[in-house]
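Here are my notes for you, written as numbered points. Have the structure open while you read, and find each piece as it comes up.

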Amino acid sequence: MNPSMNPRTNPAKNPLTRRSAVLRTATGLATATVLAATATGCGSSGPGSGTGAPGKVSVWSLQDTALNPVQKKSVAAYNASAKGSRASIEFFVNDPYKQKLQTALGSPNAPDVFVNWGGGNLSTYVESGDVADLSGDLDPAFKAKFLPSVLAGGTIDGKIYGVPMEGVQPVALFYNKDVFAKAGIDEPPATWQDLLDDIDRMKAKGVTPIALAGSQAWTELMWIEYLLDRVGGPQVFADIQAGKPGAWKDPAVTTALTMIRDLVDRGAFGTNYGSVGQDSGGADALLAKGRAGMELMGSWEYAGQLATAPDFVKRGKLGWTTFPTVPHGKGDPKDIVGNPSNFFSVTAKSKNRTAAVDFVKRTVAEPSYVKDLIGIGQVPAIAGIEDQLTSGPHADYTTFVYGLVAHAPSYTQSWDQALDPATAQKLLTELQKVFNKQSTPRQFVSAMDTE
């Protein structure tokens with residue numbers, strides 16, 4: 001769970017990117033969108049620019065309506081002040097980006113700097129020797145600028161391979177206040193029973209209770225991530241991530257999947273969710289236009305709505321809340337799931353390593369960049385910005401997100417980023433079958449169990 005890696009709009013995952021915020025797509029590589037900046041001074045130098053002359057830094061990032069203008073501005077500022085270095089940036093749609101990056105890394109076509117989701121996704125590239133260890137390049141003062149728990153997402157075996165490049169990305173439940181009011185709902189659901197009751201009320205009004213971009217399985221993943229934590233606590237997935245034999249057979253997994261099937265059978269997502277896409281803004285539009293009442297999405301949802309449906313946000317019609325509690329669950333109600341952030345990494349064989357590291361160090365923590373992230377509704381992974389959030393724009397939302405991260409006993413990384421790519425893809429495929437009623441919870445467990 002991009003957007004901008006989408007942060008997830010966003011890579012092989014990312015999160016908090018519009019995933020991070022994150023725009024993802026299920027289409028092929030041929031449809032990858034490249035947004036080339038012109039007058040901003042961050043024009044595309046084309047694929048393979050990582051092999052350019054020393055000082056020319058190629059940067060790959062994810063397509064994100066809200067974040068990309070901020071990134072372009074940051075690159076332009078860097079180019080205006082850097083001596084002997086010049087950066088160019090390209091943006092790609094989430095899912096095709098994963099494949100493109102896997103193909104490019106280790107080849108002459110690799111970029112110098114690339115965005116990723118950290119965790120298991122990043123560790124795969126580290127194991128293949130395609131990512132540079134930045135530990136010796138980053139001084140203590142620079143590292144201290146970041147929230148330790150977020151910086152840890154780019155740290156593997158004690159070495160830093162990725163630096164946070166956008167806001168934190170916990171997943172939250174968003175809702176349309178007007179839809180709630182018309183359905184006679186006074187408050188967002190605090191408990192699972194509240195959620196079920198609200199679903200029935202909205203169905204009675206002819207409104208799809210929960211918007212879901214079911215054509216892209218990562219949007220469905222958020223439901224099992226939260227439900228498994230609420231039902232069984234964070235250790236269940238920790239065992240799965242660690243490859244513990246029989247971990248997928250934990251009863252909490254079946255229970256969580258059964259609750260999802262109950263939602264599907266109840267009509268919580270309507271009947272056409274399988275054809276709704278997230279990259280095209282389908283689910284977001286359903287929420288903003290009042291055709292759906294709720295949407296479970298990464299924190300980039302706010303920035304995305306602000307960019308595509310500004311009146312909906314500015315009129316105070318977008319609401320947000322924590323995921324509901326589950327009766328008799330072992331998980332702490334303050335636990336969260338999502339992406340700590342999206343990260344910038346440097347390719348190990350970059351011919352422009354010095355300039356690439358300089359670019360990262362002089363952009364991602366710059367006060368102007370941090371201010372601009374806050375300006376689009378993101379919560380930068382920077383320590384000590386509480387006053388900036390409180391006094392800045394979108395304070396109600398940004399302080400809510402900051403509080404989620406600051407007070408969470410457990411912050412589970414999105415599973416498709418925490419697991420190795422092969423397992424993650426199998427997970428997404430099997431989960432989508434459950435949502436589409438092509439598989440049962442027990443069949444899912446059997447397919448995922450590796451014993």
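1. Let's start with a pocket, and keep in mind that this is a predicted model. By class, the second largest pocket is lined by 8 nonpolar and 8 polar residues, with no charged residues in the lining. Its volume comes to about 290 Å³. The lining has 16 residues, and the closest to the pocket's centre are G153, Q241, P340, Y411 and Q413. Which elements give two or more residues to this lining? They are α4, β4, α10 (235-241) and β13. If you wonder how such a space is found at all, rolling a probe the size of a water molecule over the atoms shows where empty space is left.

2. Now look at α4 itself, the helix that covers residues 119-127. Its buried residues are G120, N121, L122, S123, Y125 and V126. What do they pack against? Two helices, α3 (94-104) and α19 (415-418), plus the strands β3 (113-116), β4 (155-156), β12 (343-346) and β13 (411-413). Just past the end of α4, have a look at G129, which takes a positive phi of about 75 degrees.

3. Two of those strands, β3 and β12, also turn up in an open sheet of 5 strands, ordered β2-β1-β3-β12-β6 with mixed pairing. At the edges sit β2 (86-92) and β6 (163-164), each pairing on one side only. Further in, β3 and β12 run antiparallel and are joined by 4 bridges. To spot this pair on screen, find V113 and look across to V346 in β12, which stands opposite.

4. Is strand β9 (residues 292-298) enclosed or open? Since 7 of its 7 residues are buried, β9 is largely enclosed by the rest of the structure. One neighbour is β7 (residues 169-176), which runs antiparallel to β9 and is joined to it by 5 bridges. Here L173 stands opposite L296 in β9. Then there is β8 (residues 208-210), which pairs with β9 in the parallel sense over 2 bridges. For this pairing, look for T208, whose bridge partner in β9 is A292.

5. Last, a helix to practise on: α2 (residues 67-81). Its 15 residues reach 22 Å from the first C-alpha to the last, close to the 21 Å expected at 1.5 Å a residue. Buried residues in α2 include L67, V70, Q71, S74, V75 and Y78. When you look down a helix like this, remember that an α-helix has 3.6 residues a turn, so residues three or four places apart point the same way.

Key. Residues numbered from 1 in each chain as written. Predicted model: local features only at pLDDT ≥ 70, side-chain atom pairs only at ≥ 80, totals over all residues. Heavy atoms only, no water. Buried < 20%, exposed > 50% of the residue type's maximum accessible area, 1.4 Å probe, protein only. Contact = heavy atoms within 4.5 Å. 1 Å grid on protein atoms, 1.4 Å probe; cavity = no way out; pocket = protein on both sides within 12 Å on 5 of 7 lines; lining within 4 Å. Points joined across faces, edges and corners; volume = space filled by probe spheres on them. Nonpolar A, V, L, I, M, F, W, Y, C, P; charged D, E, K, R; others polar. Expected span 1.5 Å × (residues − 1). Pairing = 2+ DSSP bridges.
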